[in-house]
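Reader: Hi! I am new to protein structures; could you walk me through this one?

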Amino acid sequence: MSKDREEGGRVAAQSVGRRERVRQATLAEIRAAARRLLIEQGSQAVTINAVAREMGMSGPALYHYFAGHDELVGAVTADFFRELTAAVEAGRDSHPPGEHGPRLLGACRAMRRWAVTHRAEFGWVFASPITAERRPDSPRELAGRDFEQVFLEEVAELWRSRPFPVPAPGELHPSIRSQLRAYADATGMGLPVEAIHVVMSCWIRLYGLLCMEVLNQLDFVYPDMEAVFEECLREIAPRLGLDYEGPSDL
């Protein structure tokens, strides 16, 4: 009897494993269908019913896999974040540890390459208002923090090895200081708030320029933005105490 029970348990476990593999494959297909709709028709086309039609199933059937539109959007966004994070890490790691300038510039260039070749996905992640509740443990938030950490960790290493110039104590507005302190506490970023202010100022400029490029806001004067992006990197590098090195192919 014990052997029969063991065999029954093994068969049941295999059955559960097969069901889970099928479920995970279906979840991946659903997210891929949502991505196709986003790329081909825009974010407004990514609805539960439209994705279900892409999958050849009914809208109610899709609710067996995602509780609603917000959960689907969060899962697709997490995929984009993971893909972008992998690209940025590859750009960073194409340079040896300790070479903070080349690593940070490599990460920034990799982010731009991914953004301009995945404009719909970048717009979905960064340029669209977030309507869903942002739970700290949601796939979207976890994947977003992983992306953020790529830059935070490299900047923290840079600060420990070569502190860069920062505003004098008391120069920052109290509101800015308190907000930066809250951010530092939330992220565990072991930098003075003055240093975080410098980093955020650089990020705002770089990210703002990239958003304008991806959203075609500067096409009327700069149809090719690569040299403009490099000029931005050249100007912010000294703020972090780094020497600017241009890409070999520009």
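Reader: How much accessible surface does the protein have, and what percentage of it belongs to carbon and sulfur atoms?

Author: Happy to help! This is a predicted model, where local features need pLDDT of at least 70 and side-chain atom pairs count only at pLDDT 80 or more, while totals for chains, interfaces and linings use all residues. Residues are numbered from 1 along each chain as its sequence is written, and side-chain values use heavy atoms, leaving out hydrogens and water. By the Shrake-Rupley method with a 1.4 Å probe, with only the protein chains shown counting as cover for residues, the accessible surface is about 14000 Å², and the carbon and sulfur share is 54%.

Reader: How many helices and strands are there?

Author: Both are DSSP runs numbered from the N terminus: helices are H or I with at least four residues, strands E with at least two. The count is zero strands and 10 helices.

Reader: Which helix gives the largest share of the largest nonpolar core?

Author: A nonpolar core joins buried Ala, Val, Leu, Ile, Met, Phe, Trp, Tyr and Cys residues through side-chain atoms within 4.5 Å; buried means under 20% relative accessible area, exposed over 50%, partly exposed in between (1.4 Å probe, protein chains only). The largest such core has 69 residues. Its largest share, 11 residues, comes from helix α9 (residues 193–214).

Reader: Is Phe220 buried or exposed?

Author: Phe220 sits in the loop between α9 and α10 (226–236). Because its relative accessible area is 71%, Phe220 is exposed.
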